[in-house]
Amino acid sequence: MRIPLVNLERQHAALHDEIRPAIDRVIDRSDFILGHEVTAFEEEFAAYCEVKHCIGVGNGGDALTLAIKGLGIGPGDEVITVANTFIATALSIHHTGATPVLIDHEPHSYNLDPRKLVAAITPRTKAIVPVHLFGRPADMDAINAIAAEHGLSVIEDACQAHGARYKGRRVGTLGRAAVFSFYPGKNLGALGDAGAIVTNDDQLAAWLRATRNYGSTVKYHHALRGFNSRLDSLQAAVLRTKLPHLDEWNEARRQRAAQYRAGLQDLGVGLPAEPADSEHVYHLFAISCPNRDEVLKHLRAQGIDAGIHYPIPIHRQPAFADKCLGPRPLPESESSAEQLLSLPLCPFISDAEMNRVIDCVSEAVQVGEAKTRSHHAMMKT
Ligand SMILES: *Cc1c(COP(=O)(O)O)cnc(C)c1O
């Protein structure tokens with residue numbers, strides 16, 4: 001029995017009767033580019049996020065590049081984010097012409113550490129991009145307070161946190177703009193690439209609407225030099241069938257996370273802390289163990305697709321070694337890269353599968369302990 005990190009087959013089997021007619025609707029209308037379904041999804045997702053505007057684009061990476069450019073940030077500017085995130089966060093900053101400044105995260109939340117922010121701010125700093133990593137909202141009050149003091153924009157990378165709440169408010173409403181990815185494995189995923197920006201800023205929204213479509217809102221009239229990064233009508237139609245299920249899916253993720261926490265609590269592995277003032281939506285359930293690579297090997301041998309998020313911090317990626325700034329070393333980023341292990345989790349994982357994962361982690365940890373004990377015994381003789 002193989003247990004995937006995310007079981008998309010089950011999600012799509014459950015929605016079979018909704019997705020097929022939605023695809024047929026688009027084919028019948030044949031308005032494939034910026035059609036009816038795109039406008040409807042943008043309205044529905046904006047309402048869901050409790051925000052004024054949603055602009056659908058090609059993917060989450062484009063969403064972040066466009067949001068940063070739309071705020072007038074580019075060459076010569078610096079944008080602060082974390083070193084332990086998906087490469088897209090830093091690449092999207094880089095592709096605006098600005099320089100990513102990478103700092104460490106808080107050990108308990110895996111999110112941008114506001115205490116590390118002030119030291120990273122220079123006269124060139126223009127924005128901060130906190131990532132709600134693994135589905136847990138970053139400490140936005142602290143980040144926004146520092147941003148306000150230094151006149152910086154805050155753009156949320158909410159690509160892993162659709163529907164999460166921070167002190168009662170949805171992520172997406174906590175900065176100047178927020179970006180989402182609808183990559184298939186995200187909490188809200190399309191059947192291919194898709195992304196969006198949400199914002200309450202009318203001017204930014206208008207700029208983004210034109211810029212994603214070659215700088216035009218009226219066909220063949222180009223006020224801006226834009227790009228082609230549009231959300232497909234087909235993907236929008238699929239996303240519309242899934243959006244009404246998102247809250248119930250996130251609740252299922254939270255329940256599964258609680259089950260993992262109960263099952264793994266006595267093993268001496270680090271468990272993700274449940275935040276007191278926000279709603280974590282567990283895009284990933286990452287445990288921390290010193291013998292992570294051995295545990296991963298054991299799980300994989302048993303057909304369990306655990307994952308590492310992320311094995312190499314961005315400042316040590318060959319592509320970024322001389323393309324980013326910030327304090328060094330980054331001990332939290334280094335230790336996360338060595339110790340974090342994401343266990344299979346999605347709304348459709350069964351109790352039996354979760355129990356198997358718990359048993360296998362427990363076996364792997366005990367084998368590791370036995371090895372350490374025999375090693376110590378050997379050292380004594
Ligand atoms: C998935 C993801 C992205 C990029 O999304 P794509 O749609 O794959 O371009 C950006 N940031 C984070 C944190 C992500 O997890």
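This is a short tour of the ligand site and the enclosed cavities in a predicted model. Local features here need pLDDT of at least 70, side-chain atom pairs count only at pLDDT 80 or more, and totals for chains, interfaces and linings use all residues. Numbering runs from 1 along each chain as its sequence is written, and side-chain values use heavy atoms, with hydrogens and water left out.

**Stop one: the ligand.** Select it and show what is around it (a residue is near if one of its heavy atoms lies within 4 Å). You should get 13 residues, with Gly60, Asp157, Gln160, Ser181 and Lys186 coming nearest.

Now zoom in on the polar contacts (pairs of N or O atoms within 3.5 Å). Pick Ser181: a side-chain N or O atom there is 2.6 Å from a ligand oxygen. At Gly61, a backbone N or O atom lies 2.9 Å from an oxygen of the ligand. Then go to Lys186, where a polar side-chain atom is 3.0 Å from a ligand oxygen. Of the 380 Å² the ligand exposes taken alone, the protein buries 91% (Shrake-Rupley, 1.4 Å probe).

Next, color helix H4 (60–70) and helix H5 (87–94), the elements that each give two or more residues to the ligand shell (helices are DSSP runs of H or I, at least four residues).

**Stop two: the cavities.** Leave the ligand and look for sets of points on a 1 Å grid over the protein atoms alone where a 1.4 Å probe fits but cannot get out. Three such cavities have 30 Å³ or more, and the largest has a volume of about 70 Å³. Select its lining (an atom within 4 Å of a point), which includes His108, Tyr110, Arg136, His280 and Phe285.

Note on methods
A polar contact is a pair of N or O atoms within 3.5 Å; within protein, one must be able to donate a hydrogen and the other to accept it, and residues adjacent in sequence count only if both atoms are side-chain atoms. On a 1 Å grid over the protein atoms alone, a cavity is a set of points where a 1.4 Å probe fits but cannot get out, and a pocket is an open set with protein on both sides within 12 Å along at least five of seven lines; lining residues have an atom within 4 Å of a point. Grid points are joined across faces, edges and corners, and a volume is the space filled by probe spheres set on the points.
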